[in-house]
Amino acid sequence: MTYRKGTLDDAKIIYDLICDMENKKLPYNKFIEIYSAQLKNENYYCLICETDKKVIGVLNLRFEEQLHHTENIAEIMEFSVLPQCRNQGVGKKMIEEAFKIAQKTGCSQIEVACNQLRKDTHRFYTKEGMHNFHFKFSKRLLGEDSPDNMLGK
């Protein structure tokens, strides 16, 4: 496995991986607009994992100085591995690489928000030494705001 920073050429596979993670088809035009902007922003790092020059995973990081920490914090925004490559250590190696990138960027901590329905993912993060110290609350501001928590809605 090799790791590198994502490029615009990776957009389609990253899009497919994130749609798989969210269990829904996202608007590609909006996705490519956001991804293109992130590639130009030093506060983002899109980590790509490849094997035999084929992308098998993506882990998208955001770096920001936070007032309540008074430090630079990394946040995993998206993290997805091809279904056929899961449970083979790919995610473990990718998150270890993300930890290194975050440290090199001067981050004192790395965080991730994860849907409550993703129990396997929670076990993964715990196994990788992460702690569940926070609750995350959300409210939909456009369209229907439902209290139901569903993936792929």
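This briefing covers the placement, burial and contacts of three residues, Asp10, Val55 and Leu61, in a predicted model. Asp10 belongs to the loop between strand 1 (2–5) and helix 1 (11–22), whereas Leu61 lies in strand 3, which spans residues 54–66, and Val55 is also found in strand 3.

**Burial**

- Asp10 has a relative accessible area of 5%, and it counts as buried because that value falls under the 20% cut-off.
- Val55, with a relative accessible area of 9%, is likewise buried.
- Leu61 is buried too, its relative accessibility being 0%.

**Contacts of Asp10 and Val55**

- When neighbours within four places in sequence are left aside, the loop residue Asp10 is in contact with Arg4, Lys5, Tyr35, Ile48 and Val55.
- Val55, with the neighbours within four places in sequence again set aside, contacts Asp10 in turn, together with Arg4, Ile13, Leu17, Ile48, Cys49, Glu50 and Leu82.
- Arg4 and Ile48 therefore appear among the partners of Asp10 and also among those of Val55, where contact means heavy atoms within 4.5 Å.

**Contacts of Leu61**

- Not counting residues up to four places away in sequence, Leu61 touches Asn43, Tyr44, Tyr45, Glu75, Ile76, Ala98, Ile101 and Ile110.

**Separations in sequence and space**

- Leu61 and Leu47 are 14 residues apart in sequence, with a C-alpha to C-alpha separation of 7.6 Å.
- Val55 and Lys93 are 38 residues apart in sequence, and their C-alpha atoms are 14 Å apart in space.

Technical notes. Residues are numbered from 1 along each chain as its sequence is written. This is a predicted model: local features need pLDDT of at least 70, side-chain atom pairs count only at pLDDT 80 or more; totals for chains, interfaces and linings use all residues. Side-chain values use heavy atoms; hydrogens and water are left out. Helices (H or I, at least four residues) and strands (E, at least two) are DSSP runs, numbered from the N terminus. Buried means under 20% relative accessible area, exposed over 50%, partly exposed in between (1.4 Å probe, protein chains only).
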